[in-house]
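The following exercises are to be worked with the sequence and the coordinates at hand. Each task is followed by a solution in steps.

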Amino acid sequence: MGGLPLATTQTADWLVFVVASVIVLAGGLGVVLSRNPVHAALFLVQTLFGVAVLFVAQQAHFLAAVQVIVYAGAIVVLFLFVIMLLGVDSEEHLRHEPLRGQRPTAVLIGLIGLAEIIGLARTHWVTGVHAVGGAADGPGANVEKLGRSLFSTYLLAFEVTSALLVIAVVGAVVLTRRPLLDGSDLSATVDDGTAGDGTAGDGSAGDGTGGDGTAVSGRTS
Amino acid sequence: MLHAAWIIPALPLAGFTLLVLVGRKLGDPLAGWLATVVMGGSFVATLVTFLGLRAHSAGNRTFIQLLWNWVPVAGFKIDAALQVDPLSITMALFITGVGTLIHLYAIGYMRGDERFARFFVYLNLFAFSMLMLVLGDNFVLSFLGWEGVGTCSYLLISFWFERERAASAGKKAFVTNRVGDWGFMMGTFLIFSHFGSLTYTDVLTKASVSAHVGRDTATWICLALFLGACGKSAQLPLYVWLPDAMEGPTPVSALIHAATMVTGGVYLLCRVSPLLSVAPGAATTVAWVGAVTALFAATIACAQDDIKRVLAYSTISQLGYMFLAVGSGAYTAGLFHMVTHAFFKALLFLCAGSVIHGLHDQQDMKHMGALRKWMPITFATFLIGWVAISGIPPFAGFWSKDDILAAAWHKSWGLWLIGFVTAGLTAYYMSRQVALVWFGKARWGETTQAGHGATAHEEPTAPGGAGHEEGHGATPHESPLVMWLPLVVLAALSVVGGVINLPWHPANFLERWLDPVVGPYSAASVSTGFKLFSAIATTALCVLGIGAGLRVWGRSPEHATLEPAVLRNAWYVDPTYARIIERPGLLLSNFSAFVIDRQVIDGAVNGVGVAVRGSGRQLRRLQTGYVRNYALGIAAGTVVILAYVAFRAS
Amino acid sequence: MSVPAPWFLTVAAVLFTIGAVGLLVRRNVLVMFMCVELMLNAVNLTFVTFARALNDTGGQSLVFFVMVVAAAEVVVGLGIIVTIFRRRPSSTADDLHALRG
């Protein structure tokens, strides 16, 4: 970084940190406290952006980019799709808590956990173990260093994660498929009896008739 | 000829086995004949063995026949062996002889009973056990027989077990006997620990050397064995089962409770005479207990209405005489009285059975009377038995009782006095019985109700016994041949039985015969002068007693003042036992059953179940089904782990 | 960056706690899922902080993997949610309590 005086750089750093932190924490509180799930999703986006800023502040440029693209750009969009699918007007009654003691206990546990983690954060945790993935600072772009680390030290993990992605895609397809008429689908276990459109809606999972007498070959629209 | 000894117990055992297997098929009366023939064979074998023993010289008359090694453990060898000596052969002779006669009688008495064959099964088993008792050569084998006769006594007393009184009497007999058996066992244990062996020859030869066993040990042993004898031979305080045992069929009363089983105790004490002679304290106890029992039972017999109960108490009384003799050191006199008593008491019981049979199960003497016209044979034989027991010369009872009284005088004048008075009472109550049953007015047509109060009664609905339908006011009849023949034989024996031991040489066969076994331990005999005086005095008293009994009771059967309640109820001994023994026992068992077992133990066991269920029910509340609760649990666990890490990190 | 690492860690800790409490308190399934995302982000922040503080790109690589896995998880998770709650207009996590003891 260039010729700005050290004090200014420090102030700038602190300012960035504080603002970003506020954004992050406000977004988090917003997620937890909003009644409308769409609002919650938007607050989540806010948090993700704030975190991305914090990533940048810590010289993890590539991760900041990935954060915005993948998290805010794909995952939250996915959330919104599902919210739309399942009913955007499903609002929760936030005042009333049916489970006894859940709220106070949760808050208490949260506070205790926070105290512990902060206590841990302040302790001395440098172990002197050599860096495994290569130095993070020094000359060269962050992307290059990260790439080098990924494709040499963590290659196996990398390949496994790609397999994981494939599995996730297949899983998503299988899970959300419209049910076949021979009832071999998970969604047939929904106990209100209806198995989705395309069937006669008799509810039983075991028979193979279409209810209106048409033979169904097992592939639905 | 001595080798025939094993046949003596083997035949009844074979009879028992055969009858168990095919008795039901043989049925009435074949099963009975089989049993009787077997007993007769045993009697013949006993005779043969007796003759074989006589062939040996006097000092040479102990013979052990080893059957097999039973317990070959080092330091504790018990053999199944028979000891043939004068004492055991004498016992075996009258056991098998009288036993055969009673088996014969029972064929007629039990006719028509639905469990006819089983009766003889038990009888033969009893005979076997009794023979093992007297023929065994060690304490264990005798104890086997001892227990066997106790068991058979129980089985036979409660033969008609559908009747509650019979079942209860059997149980009472067994339990009371058991108390005595404990004494026998203690004595045996003491003997073994002191002498290291249990065979009679070993123990008794050592015991006669008085340096070998201390007086105290010998006293304890003898007292323990005497306790067993009290149970088996119905002396104070364990006599209570014998009157109730009259619930059993009359042949049982005759065989077991008059002639054989109850003499087991006397046999035992005679057998250990060497020990008894070095334990004078024990001997004195035996004598006094016997005397007091004799008097006690005689008083009760004066006020009983049931024909069999009179005879039961009479048995207890006569057994008391035998113990008096044994305790006074006059073993021969005691055994002599045992033999003669077997004759006339069995006779009296069988006659009573004949009367009961003839009157269709009537047992209350107040409802009998003037039977001499209808049952002549029974009448005649009963009279003979009556005179014998009353001690009138020259019948058998006179000689034996006299010997005992003489020996008692030698021991203590108090004992003689008790014996003297009891003899008078014996004559009196037996005469009362004769008057009520055979003379006077015929009272058996008046009522057919069951008897009063304390009388034991074979109810008209009894499943066995006479085999007739109850006839209201039907005339009594004499018994069949198979029943009166034994009566006649026993009567003859009661008449002449005295000759086996007349008190002058050389007619004192029994005394000389038994000398090798009990002679050295017997007390010195009394002067003939005193014997004569005692004999005359006793006879005079007995004649008085007979006169009184006949006169008073021949006139009328109702004399309430002569039958006070305390005597009718046997000095209230049974209720007293109930109070001091049964009640605490019942309290203890109720406490154990209902408090300890039900509350404490069941409570603990059930409590475990309840605790498990309760804790399960509480733990179940964790499973709410709500994911958020489970997540809370996970969070809480994480916090705990973090706390631990933070603690370690600091 | 002159802000010392513990500050970043504190922010991450607070964010994590907010996400955890939100998960325990909210009943709407989707919002609960979003709280999970909050927690994951907090963790990511922690990793990056440590990567900087310990001068090790391993931390950043791990964040990469976390993001990938988070994505896959969201995909499958939302698929399941769709499958279960398709026909229920106002369903919450509390409606699935059939496994109560």
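**Exercise 1. Composition of chains B and A**

Task: Determine how many helices and strands chain B has, and describe chain A in the corresponding terms.

Solution. The model is a predicted one.
- Step 1. Chain B has 23 helices and two strands.
- Step 2. In chain B, 53% of the 650 residues are buried. Among its contacts with a separation of 6 or more, 82% come from residues 24 or more positions apart.
- Step 3. Chain A contains six helices and zero strands, and its pattern along the sequence reads α-α-α-α-α-α.
- Step 4. Of the 221 residues in chain A, 27% are buried. For contacts in chain A between residues at least 6 apart in sequence, 40% link residues at least 24 apart.

**Exercise 2. The two strands of chain B**

Task: Establish how β1(B) and β2(B) run relative to one another, and decide whether β1(B) is buried or lies in the open.

Solution.
- Step 1. Strand β1 covers residues 63-73 of chain B, and strand β2 covers residues 76-84 of chain B. Nine bridges join them, and the two run antiparallel.
- Step 2. One of the residues with a bridge partner is P72(B), which is matched with K77(B) in β2(B).
- Step 3. The two strands form a hairpin with two residues between them. In the turn, G75(B) has a positive phi of about 85°.
- Step 4. Burial requires 20 or more other C-beta atoms within 10 Å. The number of buried residues among the eleven of β1(B) is zero, so the strand lies largely in the open.

**Exercise 3. Surroundings of A427(B)**

Task: Classify A427(B) as buried or exposed, and list the residues that A427(B) touches beyond four places in sequence.

Solution.
- Step 1. A427(B) belongs to helix α17, residues 413-438 of chain B.
- Step 2. A427(B) has 28 other C-beta atoms within 10 Å; the threshold for burial is 20 or more. A427(B) is therefore buried.
- Step 3. Leaving aside residues up to four places away in sequence, A427(B) touches S390(B), G391(B), C542(B), G545(B) and I546(B).
- Step 4. A427(B) and T539(B) are separated by 112 residues in sequence, with a C-alpha to C-alpha distance of 9.8 Å.

**Exercise 4. Backbone geometry in the loops of chain B**

Task: State which peptide bond is cis at P237(B), and give the sign of phi at W571(B) and Y572(B).

Solution.
- Step 1. Most residues other than glycine have a negative phi, and most peptide bonds are trans.
- Step 2. The bond from L236(B) to P237(B) is cis, with omega near -10°. P237(B) sits in the loop between α7 (215-232) and α8 (241-244) of chain B.
- Step 3. W571(B), which is not a glycine, has a positive phi near 60°. Its loop lies between α21 (565-568) and α22 (573-620) of chain B.
- Step 4. Y572(B) is likewise not a glycine and has a positive phi of about 50°. The loop that holds Y572(B) is the one between α21 and α22 of chain B.
- Step 5. W571(B) has 14 C-beta neighbours inside 10 Å and so counts as partly exposed. Y572(B) has 12 such neighbours and so counts as exposed; the limit for exposed is 12 or fewer.

**Exercise 5. Packing of α4(A) with α23(B)**

Task: Characterise how α4(A) and α23(B) pack, by angle and axis distance, and name the residues that meet.

Solution.
- Step 1. Helix α4 (residues 102-121) of chain A and helix α23 (residues 627-649) of chain B pack at an angle of about 25°, and their axes are 9 Å apart. α4(A) is therefore roughly parallel to α23(B), the cut-off being under 35 degrees.
- Step 2. The crossing of α4(A) past α23(B) is left-handed.
- Step 3. From α4(A), the residues in contact include T105(A), I109(A), I112(A), E116(A) and L120(A). From α23(B), they include R628(B), L632(B), V639(B), L642(B) and A646(B).
- Step 4. This contact of α4(A) with α23(B) comprises 14 nonpolar, six polar and two charged residues.

Key
Residues numbered from 1 in each chain as written. Chains lettered and ligands numbered in written order. Predicted model: local features only at pLDDT ≥ 70, side-chain atom pairs only at ≥ 80, totals over all residues. Axes fitted to C-alpha atoms, helices over the stretch in contact; angles between N-to-C directions. Helix = DSSP H or I, 4+ residues; strand = E, 2+ residues; numbered from the N terminus. Parallel < 35°, antiparallel > 145°, perpendicular 65-115°, else oblique. Left-handed = near helix turned anticlockwise from the far one by under 90°. Contact = placed C-beta atoms within 7 Å. Nonpolar A, V, L, I, M, F, W, Y, C, P; charged D, E, K, R; others polar. Pairing = 2+ DSSP bridges.
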